[in-house]
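Colleague: I am new to reading protein models, and I would like some help. Could we go through one together, feature by feature?

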Amino acid sequence: MTLVRRLARPMLAAAFVKTGIDQVRGAADIAPAAEPITDAATGLGLPDDPVLLVRLNGAVMAGAGVLLALGRAPRLASIALVVTAAPTAYVAHPFWTEKDKAVRAGVLEDFLKDVGLLGGALLAAVDTAGKPGALWRSQRAGRDAKRAAKLAAREAARAAHAGRRELQLAAAKVA
């Protein structure tokens with residue numbers, strides 16, 4: 001792992017860990033603002049308790065942040081952060097509802113910071129740490145398998161030809 005990744009992952013993850021812990025601790029205060037999203041989530045088969053959903057969102061966010069900071073399953077952790085942080089940004093910073101321009105500007109700034117964190121998490125989700133991605137590896141494995149199959153078929157044809165030739169020579173000796 002490069003030095004940049006060793007430093008950047010914990011730096012990015014810190015904000016998510018803190019936000020996740022804050023959500024777990026203050027779920028009862030956040031739940032009323034999150035009800036439009038939690039109501040939509042119940043259609044997905046999730047519980048209909050907004051406080052529980054906010055706590056679950058916070059726990060996943062904090063856990064994924066810790067995993068990202070430690071470099072354990074960083075791509076999966078980053079995807080979990082994107083999934084949990086998007087509704088958090090929507091609920092925590094609804095700048096479109098503010099009438100006062102000064103307040104709106106402050107809330108918009110916070111919203112854009114969260115969007116920037118989402119962008120960082122998206123970059124971390126596609127970061128392969130210099131290794132080929134799964135798509136490239138699967139395509140390469142397919143090409144290698146096709147090449148090996150052709151080689152095996154060629155070798156089998158050569159062996160069959162050599163076997164026929166030996167059989168003909170043996171038949172000629174017997175005759």
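Modeller: Gladly! Let's begin with helix length: the expected span of a helix is 1.5 Å times one less than its number of residues. Keep in mind that this is a predicted model.

Colleague: How does that work out for α3, and what span should its 21 residues have?

Modeller: The 21 residues of α3 should span 30 Å, and its end C-alpha atoms are 30 Å apart, which agrees.

Colleague: Nice. Which residues of α3 are buried?

Modeller: A residue is called buried when its relative accessible area is under 20%. In α3 the buried residues are Pro50, Leu53, Val54, Asn57, Gly58, Met61, Ala62, Ala64, Gly65 and Leu68. The cover over them includes α1, α2 (27-42), α4 and α5.

Colleague: Could you take one of them and show me its surroundings?

Modeller: Let's take Pro50, which sits in helix α3. Its relative accessible area is 16%, so Pro50 is buried. Leaving out residues up to four places away in sequence, Pro50 touches Ala31, Glu35 and Thr38. You can also check a distance: the C-alpha atoms of Pro50 and Ile37 are separated by 8.8 Å, with their positions 13 residues apart along the chain.

Colleague: And what does Gln23 touch?

Modeller: Gln23 belongs to helix α1. Not counting residues up to four places away in sequence, Gln23 touches Ile30, Val54, Asn57, Gly58, Met61 and Thr88. With a relative accessible area of 7%, Gln23 is buried.

Colleague: What about a residue in a loop? Where is Gly71?

Modeller: Gly71 is found in the loop between α3 and α4. Its relative accessible area is 19%, so Gly71 counts as buried. For a distance exercise, pick Gly71 and Ala141: they are 70 residues apart along the chain, and their C-alpha atoms are separated by 27 Å.

Colleague: Next, I keep hearing about cores. What is the general idea?

Modeller: In soluble globular proteins, nonpolar side chains tend to be buried together. Here, the largest nonpolar core has 13 residues. Those that touch the most other members are Leu12, Phe16, Met61, Leu68, Leu81, Ala85 and Ala121.

Colleague: Which helices supply the residues of this core?

Modeller: At least two residues come from each of α1, α3 (50-70), α4 (74-92) and α5 (101-126). The largest share, 4 residues, comes from α4. Apart from this core lies another, of 5 residues, including Ala27, Ala31, Ala34 and Val54.

Colleague: Can we zoom in on one member of the largest core?

Modeller: Try Ala121. Not counting residues up to four places away in sequence, Ala121 touches Leu12, Phe16, Ser78, Leu81 and Val82.

Colleague: Which nonpolar residues form a patch on the surface?

Modeller: Leu3, Leu7 and Met11 form such a patch, with about 360 Å² of accessible area together. Met11 lies in helix α1 (residues 3-25). A residue is exposed when its relative accessible area is over 50%. Met11 has a value of 64%, so Met11 is exposed.

Colleague: Let's turn to charges. How do I recognise a salt bridge?

Modeller: Look for a side-chain nitrogen of Lys or Arg within 4 Å of a carboxyl oxygen of Asp or Glu. By this rule there are 7 salt bridges. One of them joins the side chains of Arg5 and Asp127, at 2.6 Å from N to O.

Colleague: Why does that pair tie together parts that are 122 residues apart in sequence?

Modeller: Because Arg5 lies in helix α1, whereas Asp127 lies in the loop between α5 and α6 (134-174). Arg5 is buried at 19% relative accessibility, while Asp127 is partly exposed at 21%.

Colleague: Where are Lys18 and Asp22 placed?

Modeller: Both lie in helix α1, 4 residues apart, about one turn of the helix. Their side chains form a salt bridge, at 2.5 Å from N to O. Lys18 is exposed, at 52%, and Asp22 is partly exposed, at 35%.

Colleague: How far apart are the closest N and O atoms of Asp144 and Arg147?

Modeller: They are 3.4 Å apart, and the two residues form a salt bridge. Asp144 and Arg147 are 3 residues apart in helix α6, about one helical turn. Finally, salt bridges that share partners join Arg5, Arg9 and Asp127 into one network.

Key. Residues are numbered from 1 along each chain as its sequence is written. This is a predicted model: local features need pLDDT of at least 70, side-chain atom pairs count only at pLDDT 80 or more; totals for chains, interfaces and linings use all residues. Side-chain values use heavy atoms; hydrogens and water are left out. Patches are made of residues with over 30% relative accessible area and no salt bridge: like charges are joined within 9 Å, nonpolar side chains (Val, Leu, Ile, Met, Phe, Trp, Tyr) within 5 Å. Accessible areas come from the Shrake-Rupley method with a 1.4 Å probe; for residues, only the protein chains shown count as cover. Buried means under 20% relative accessible area, exposed over 50%, partly exposed in between (1.4 Å probe, protein chains only). A nonpolar core is a set of buried Ala, Val, Leu, Ile, Met, Phe, Trp, Tyr and Cys residues joined through side-chain atoms within 4.5 Å. Contact means heavy atoms within 4.5 Å.
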